[in-house]
Amino acid sequence: MKIRRETFFTLELPYRERIVLERAVFEGGGGARVAVVAGVHGDELEGLYVCHRLAGWLEALARRRPQALLGRVELYPALNPLGLDTLQRRVPIHEVDLNRVFPGHPEGLFPHRLAHAALRHLTGAALVIDIHASNIYLREIPQVRIARAFERELVPLARHMNLDLIWVHEAVTVLENTIAHSLNERGTPCLVVEMGVGMRITPAFAEQVAIGILAVWQRLGVLAADLELEPASHVPRVADDGNVHYLNAEVSGMFVPVAEHWMAVTRGEPLGRIASPLSGELLAEVRSPVDGIVFTLREYPLVYEGSLLARIMQARGGQ
Amino acid sequence: MSVRESFMLHMTAPLREDFGIPYHDLGPRDESPRLALVAGLHGNELNGVFVLARLANFLAQVAEQERPDARLLGRVIVVPAVNVLGLNTRSRVWPFDGTDLNRMFPGYESGETTQRIAAALLRLTEPARWRIDIHSSNLDFEELPQVRLYAPSDEERTAAGWLGLPAVIERPLNATFTATLANAWRARGGRSLVIQAGYAGGLQPPHCERLFRALVDFLEGSGLLAGVRLAAPEGDVHCFGPRQSFPLISEHAGWFVSRLEVGQWIQTGELLGYVYDGFRGELRAEVRSPVSGLLSGIRRQPLLCEGDLVARVLTREEVGAMADTYLMGHGQ
């Protein structure tokens, strides 16, 4: 197994510095090539930690059984390094969401060039996993989100990812500019993983997802079939837009949850309340509209009217 | 009375007073709006906000018959600033969660805060026969006041001419704009235009004056205003198709310095500016235009990354397939 770090994109900044994007490459046999992408948004760190855990696992494999890597693994932990270095979700200077400029353009602005370079390197992989960490406002259970158009190909792969939820959603036009849509449209399977919360890492979630990624790599022939892996411990539920309920704040204030994340709730059960910071008044009580499970829960307490407080997956037969 | 201030949305806030998004409702109230004018979807694009506030004041005077001979002949909705909190905090995006309001359309009345704002704006402006969304560019790049048309109808082409702005630019539809106000209007039929003028973060009075005049001309051209006498228009209107726009990208980083003003015609090879090394200060490149045409945009931010846009030239001939659409989306 060969392990190396490669620069795949560089760009000159105004005053002496350069942006340099690196990937870690683990090269085994001539089997399938797979990739993990993280840090598209500069405030999402969970995927960086997953990359660290995967790199550590592969380095250990190189010491104990290097020939078990039959394919090639590429880790792209920081697609938006300037954003990560400066605690900004978007691409600094240009103030654009990197995940809204794909497929990019080689002669465009910095974000377009970066997107184009990433897409060029990722296209053709047997599987790309793009890890996101929600944002600073919401905590997400480890899940994969799949656009309906790619459901048939991606759901079978996602089932082995050791996740808690697979959410198949209808096409949303704004998602056409994402890295995942661009890859899937080009025939390169890409799974979007959402987990945890922005600006934090949740080690338990990272371990869970890393186990799932290794299992999928083994299925794709990247890892030897007889390599003993930690078994999956999570069986995903499958949701779609028909049984996902959004709870938005009716009034502005401070949201104080009483429900736990990934907790089963019954219709009418209290999920939290919106309080006034200026008085002892309770402005609103938030209750579950259905029997189901809370898979998104607000982490950042202040809310405006309309702010998302929770998403609940309504229970269906057998789930 | 034919002048009204109303609110298109009223919301509570976590720690400050309740807030609303106000608009002017001018002219006869017993008819549906003939024209809706919107600015300030981005809170730091000030030219449009200022001009619409001034125009509302002017139209209110006309409606109140304080201007002899001038008559307002139809109902006009004017929303100077949609992103009120962004304007007051000098933020392009909705400050609470960093959402770009012009990527939230058509919105959703029961959704996130910015989806609610988008839905309310669409509900208010959709019935208008004509709708115009006014932007500046971003903080870095100055745009000559111009009309942008996306796969327009003949009526929209004609109406773009009423504005009398120096450039009318046609663009193809693309995914970047699917969640914008202009596209939401388009999906609902009717006639709509997008205007770009100047750069964000400040006022450029010459652009504001030109924009004010353009909107008055539009009101006259569309039959909504009569009896206003303005000075003769400056210059001609030029129309440019999708392949008649040349973005000039710098392959050098450093300082970009230019003395040029937008709106002038330039020749092939003409000097547009200089790039100096950021640290050593030495001249790295003279930036010359590879095409001739109308200088419709110039960089105002001196700090330059490799790959940054330094100028845009609108050409008389088609100049190739460069995806300027990407760059056009910037700041809009």
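What share of the 332 residues in chain B is buried? Select chain B in this predicted model and colour it by burial: buried residues make up 52% of the chain.

**Stop 1: chain B as a whole**

Keep chain B selected and display its secondary structure, which consists of 7 helices and 19 strands. The radius of gyration of chain B is 20 Å, close to the 20 Å that the globule rule gives for 332 residues, so chain B is as compact as a globular protein of that length. Turn the view onto the principal axes, along which the C-alpha atoms of chain B fill a box of roughly 65 × 50 × 35 Å. A contact map of chain B may be opened alongside: among contacts with a separation of 6 or more, 69% are between residues 24 or more positions apart.

**Stop 2: the two domains of chain B**

Next, select residues 3-238 of chain B as domain 1 and residues 245-316 as domain 2, and give each its own colour. The centres of domain 1 and domain 2 of chain B, taken over C-alpha atoms, are separated by 30 Å. Where the domains meet, 12 residues of domain 1 and 12 residues of domain 2 take part in the contact.

Now restrict the selection to the domain 1 side of this contact. Strand E7 (141-150) and strand E8 (167-171) of chain B each supply at least two residues there. The largest share, 5 residues, comes from E7(B). Colouring this side by residue class shows 7 nonpolar, 2 polar and 3 charged residues.

**Stop 3: paired strands in domain 2 of chain B**

Select strand E15 of chain B, residues 271-276, together with strand E13, residues 254-257. These two strands run antiparallel and are joined by 3 bridges. To find one point of pairing, label Trp255(B), whose bridge partner in E15(B) is Tyr276(B).

Then add strand E16 of chain B, residues 283-288, which pairs with E15(B) in the antiparallel sense over 5 bridges. Here Tyr274(B) is the residue to label, as it stands opposite Glu286(B) in E16(B). Follow the backbone from E15(B) to E16(B): the two strands form a hairpin with 6 residues between them. Within the turn, Gly281(B) has a positive phi of about 80 degrees.

**Stop 4: an open sheet in chain A**

Move to chain A and select strands E14, E13, E11 and E16, which form an open sheet of 4 strands in that order, with antiparallel pairing. At the edges lie strand E14 (282-287) and E16 of chain A, each of which pairs on one side only.

Centre the view on strand E13 (residues 270-275) of chain A and its neighbour E14(A), which pair in the antiparallel sense over 5 bridges. A pair to label is Ile274(A) and its bridge partner in E14(A), Ala284(A). In a regular strand the side chains alternate between the two faces of the sheet.

**Stop 5: where chain A meets chain B**

Finally, show both chains and select the residues in contact across them: 33 residues of chain A and 36 residues of chain B. On the chain A side, strand E1 (2-12), helix H3 (110-122), strand E11 (253-257) and strand E16 (302-303) each supply at least two residues. Which element gives the largest share of the side of chain A that touches chain B? H3(A) does, with 3 residues. Colour this side of chain A by residue class to end the tour: its residues divide into 16 nonpolar, 10 polar and 7 charged.

Conventions
Residues numbered from 1 in each chain as written. Chains lettered and ligands numbered in written order. Predicted model: local features only at pLDDT ≥ 70, side-chain atom pairs only at ≥ 80, totals over all residues. Contact = placed C-beta atoms within 7 Å. Nonpolar A, V, L, I, M, F, W, Y, C, P; charged D, E, K, R; others polar. Domains from an automatic or database assignment. Rg over C-alpha atoms; globule rule 2.2 N^0.38 Å. Buried ≥ 20, exposed ≤ 12 C-beta atoms within 10 Å, placed from the backbone. Pairing = 2+ DSSP bridges.
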